[in-house]
Amino acid sequence: MSVREFVVLGTASQVPTRHRNHNGYLLRWDGEGILFDPGEGTQRQMLRAGVAAHDINRICVTHFHGDHSLGLAGVIQRINLDRVPHPVTAHYPASGQKFFDRLRYATAYRETVPLAQEPVAGDGMRVLARGASYLLEARLLSHPVESFGYRLTEPDGRRMIPELLARHGIKGPDVGRIQRDGRLGELTLEQVSEPKPGQRFAFVMDTRLCEGVAELAEGCDMLVIESTFLDEDEPLATEHGHLTAGQAARVARDAGVRHLVLTHFSQRYTDPSEFERQARAAGFEGELTVAADLARVPLPKRR
């Protein structure tokens, strides 16, 4: 049975607090795990959340500020210590190669697991990987240091309609045959099925409003997006390359997002309900989660 859920390991912007660890997030997508932005303390949070090094197939780093990357050293060493039985691929801004190298080899350890390095560069949507269940892309954002957002898109498929199958006498192994071959005799797959849109997930961290934010968010079933500031501090957000709760919600509203997850909160705020209030005031009417450390958020059911 496929599992698709978003595991929150940390939600703090810049510095951790008593209740918020530095950033860290794991997306479970069927049989794969994608670790996003492992900040300091991620390895400890993984233990608390029931996430093992064996769960990680890819690591995606948006940018090389410490709250998004200082946990890389520990995570990479843990992958090797636990002898993860599959290769792991790391994606990160190519401009930060020296930082990735320093973190990967921060201390002495024995390398036992192949770690592929596939850095990201350039503007426009970049295809990073094509798999059976998703296409992974990256898009440049707007932050004082180079920052990329990531998006997973499941290929569109078709949903079989039992009534139409029965009408044409299709049952048993013939159902699999028409799904596999696209036709059975004179009967085509389109005659007994309907389009099934693939799921779409986007991860958008430190950035101002820009074209990349809107492009990544478009049509997402789940959008995980930073909302470092509340709306009254919008000038600070723009100055430091961040979003407010209202800005993030308007992006989600205009992009037709089904489930919005707000995270990456400044330590100046102690009441998480205010982020939800401002997001609703901005007109977002879909499912809304204000992320909390160690929360598990299932992706919406397929359309």
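The structure holds 19 salt bridges, and since this is a predicted model, each of the contacts described below belongs to that prediction. Three of these salt bridges are followed here, and after them two pairs of helices.

Consider first the side chains of R139 and E215, which meet in a salt bridge with a nitrogen-to-oxygen distance of 2.8 Å. The two partners come from distant parts of the chain, for R139 lies in strand β8, residues 135–140, while E215 lies in helix α7, residues 211–217, and 76 residues separate them. Is R139 buried or exposed? With a relative accessibility of 7%, R139 counts as buried, because the cut-off for that class is under 20%. Its partner E215, by contrast, has a relative accessibility of 32% and therefore counts as partly exposed, a class that lies between the 20% limit for buried and the 50% limit for exposed.

The second salt bridge joins E154 to R302, and here the closest N and O atoms are 3.2 Å apart. This pair, too, links distant parts of the chain: E154 sits in the loop between β9 (148–153) and β10 (157–160), whereas R302 sits in the segment after β18 (296–298), at a separation of 148 residues. E154 has a relative accessible area of 13% and so is buried, while R302, with a relative accessible area of 34%, is partly exposed. These two residues are also part of something wider, since R4, D30, E154 and R302 are linked in a network of salt bridges.

In the third salt bridge, D221 pairs with R303, the closest N and O atoms being 3.5 Å apart. D221 is found in the loop between α7 and β15 (222–226), R303 in the segment after β18, and the two are 82 residues apart, which again ties together distant parts of the chain. D221 is buried, because its relative accessible area is 2%, and R303, at 43% relative accessibility, counts as partly exposed.

We can now turn to the helices. Two packed helices are described by the angle between their axes and the distance between the axes. For helix α9, residues 245–255, and helix α10, residues 273–281, the axes come within 8 Å and cross at roughly 45°. That angle makes α9 oblique to α10, because it falls neither under 35 degrees, where helices count as roughly parallel, nor in the range of 65 to 115 degrees, where they count as roughly perpendicular. The crossing of α9 and α10 is right-handed. Which residues make the contact? On the α9 side they are A245, G246 and A249, and on the α10 side they are F275, Q278 and A279. Sorted by class, this contact of α9 with α10 has four nonpolar and two polar residues, and no charged ones.

A second pair can be read in the same order. The axes of helix α3, residues 72–81, and helix α4, residues 97–104, come within 8 Å and cross at roughly 55°, which means that α3 is oblique to α4. Here α3 passes α4 in a right-handed crossing. The contact is formed by L72, A73 and I76 from α3, together with F100, L103 and R104 from α4. By class, the contact of α3 with α4 has five nonpolar residues, one charged residue and no polar ones.

Methods. Residues are numbered from 1 along each chain as its sequence is written. This is a predicted model: local features need pLDDT of at least 70, side-chain atom pairs count only at pLDDT 80 or more; totals for chains, interfaces and linings use all residues. Side-chain values use heavy atoms; hydrogens and water are left out. Axes are lines fitted to C-alpha atoms, for helices over the stretch in contact, and angles run from 0 to 180 degrees between N-to-C directions. Helices (H or I, at least four residues) and strands (E, at least two) are DSSP runs, numbered from the N terminus. Angles under 35 degrees count as roughly parallel, over 145 as roughly antiparallel, 65 to 115 as roughly perpendicular and the rest as oblique. A crossing is left-handed if the near helix is turned anticlockwise from the far one by less than a right angle, and right-handed if clockwise. Contact means heavy atoms within 4.5 Å. Ala, Val, Leu, Ile, Met, Phe, Trp, Tyr, Cys and Pro count as nonpolar, Asp, Glu, Lys and Arg as charged, and the others, Gly among them, as polar. A salt bridge is a side-chain nitrogen of Lys or Arg within 4 Å of a carboxyl oxygen of Asp or Glu. Buried means under 20% relative accessible area, exposed over 50%, partly exposed in between (1.4 Å probe, protein chains only).
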